[in-house]
Amino acid sequence: MIIKATARCSWQGVSHDLPSTWEVVGSYGGWKRGQILVAEDRQPRLAISWNRHQARPDLDRTLVKVARRHLREAGARSIAPVQAWGPDAGAVAMVGGVSEILLAARWYPEARTTLIWRQLSAGGTGLLRRITDATTVCTDGEPVPWRIHGLDLTLEPEWRSEGLQVLAGMVRGVWFRYRNPRTVDHVLVMRRYACASLILAGAPLMTWLRRQADERETVTVLNDAVDQAGIVCEGPGKTLWRRLRGRREQRVLHAWLDPDADRLTVQETCGRGTAPICLRQQGPSPRCGTPQNQEAPGHP
Amino acid sequence: MTRGPNLDPERTQLALADGVEAHRTADGVLRLRGPALRPWGPMKALAWLIRAPKRIEVELDQIGTWVVDRLDRPLAHLAQDLAQHLKLSRREAETALADFTRMLQRRHLIRLVECP
């Protein structure tokens, strides 16, 4: 049996071990419910959806319902009986078409979450079972790893993702910190750029980072190393009312280089309260789609 | 939205459009100069009024120059070489190449041809 290298991918509290040649090509939804689409080159492979809810689901009924919805799309004609994959997991096959398409579901009682994996092309039972067995889900109260498209950070449970933008050469993610369900007191923006050597154009990292400050902002250096730098930028209030009240805006920027991948990551935070420290993970940042089999230290 | 025919990236390559000249500057980057524009009818008057340029001229950056220097390769190989050159993933390289090609096509500087 050939065991492919795997890469860990974590999004919205759900962490998967996917083959390293697979990558996430679409992400939808949020913390409570959502979906990611995974592809290998130009071949769609898997759709993984999650739904957080209190009541324990009837997995057999859920599987049959989802299978019926996607029967035509899969080119299948009928649904095979549900197979149990453990006390809280099951799978069903859509048969009758060119090849067999599988659907699997699992209930995570601690996290009160149901996950459904739907094959988008035939891939066999073994790989799907390995993926479902290795998937973990964070509860609402524990620190959450966020590992997608090269971004690799672990945040406290108050942080929630507000958006992810993936462009050629840049990935940008935005997180809000909710002190209570209605109030956002801090914003975190992570940007990861390709072609770091072209961006820096020979300038030291600190010099480039200082250029990100507005001309009206005062810059204070937090740390300055060859491959990592941090500054605090303080400037006048953004609105007239804030300026009249004497309020100032402060944002903290950290930047670090990944020389092997020629990437530059910038962490920018602003808001009330204590700003997060530099979120750089030590070690190389694994990424779905690259042939590595490494875990960044500190990740379970 | 119009859809063109599906092209095979293994058998399609880029080529400079007819009448487009490529000049290398002192910095080593390429400048693409399109053919003279000949507006007609009311567009001629409008072009004169807004002092539109007589021809489209675009100066490429280092990456654009690197790509245009390798137009003799099929698109799939070009994307692969670009990914290796800039340490990008295959998907990033293809997206970047597609965006770049679209920008030049919109300015009638480049066209898609079948590989010989």
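Trainee: How much area does chain B expose, and what share of it do carbon and sulfur atoms supply?
Mentor: Chain B exposes about 8,100 Å², with carbon and sulfur atoms supplying 54% of that area, where accessible areas come from the Shrake-Rupley method with a 1.4 Å probe. This is a predicted model, in which local features need pLDDT of at least 70 and side-chain atom pairs count only at pLDDT 80 or more, while totals for chains, interfaces and linings use all residues. Residues are numbered from 1 along each chain as its sequence is written, and side-chain values use heavy atoms, leaving out hydrogens and water.

Trainee: And what share of chain B is buried?
Mentor: Of the 116 residues in chain B, 32% are buried, meaning under 20% relative accessible area (1.4 Å probe, protein chains only).

Trainee: Switching to the interface, how many residues does each chain bring to the contact?
Mentor: Chain A brings 17 residues and chain B 13, with contact meaning heavy atoms within 4.5 Å. On the chain A side, A:R42, A:A168 and A:L198 supply 35% of the area that this chain buries against chain B, more than any other three residues.

Trainee: What is the area buried between the two chains?
Mentor: About 1,100 Å² is buried between chain A and chain B, and carbon and sulfur atoms give 46% of it; buried area is the accessible area (1.4 Å probe) that two parts lose on being put together, summed over both.

Trainee: How many salt bridges cross the interface?
Mentor: The rule, a side-chain nitrogen of Lys or Arg within 4 Å of a carboxyl oxygen of Asp or Glu, finds 4 salt bridges across the interface of chain A and chain B. The side chains of B:E92 and A:R263 form a salt bridge at 2.9 Å, N to O.

Definitions and conventions:
Chains are lettered from A and ligands numbered from 1 in the order in which they are written. Buried means under 20% relative accessible area, exposed over 50%, partly exposed in between (1.4 Å probe, protein chains only).
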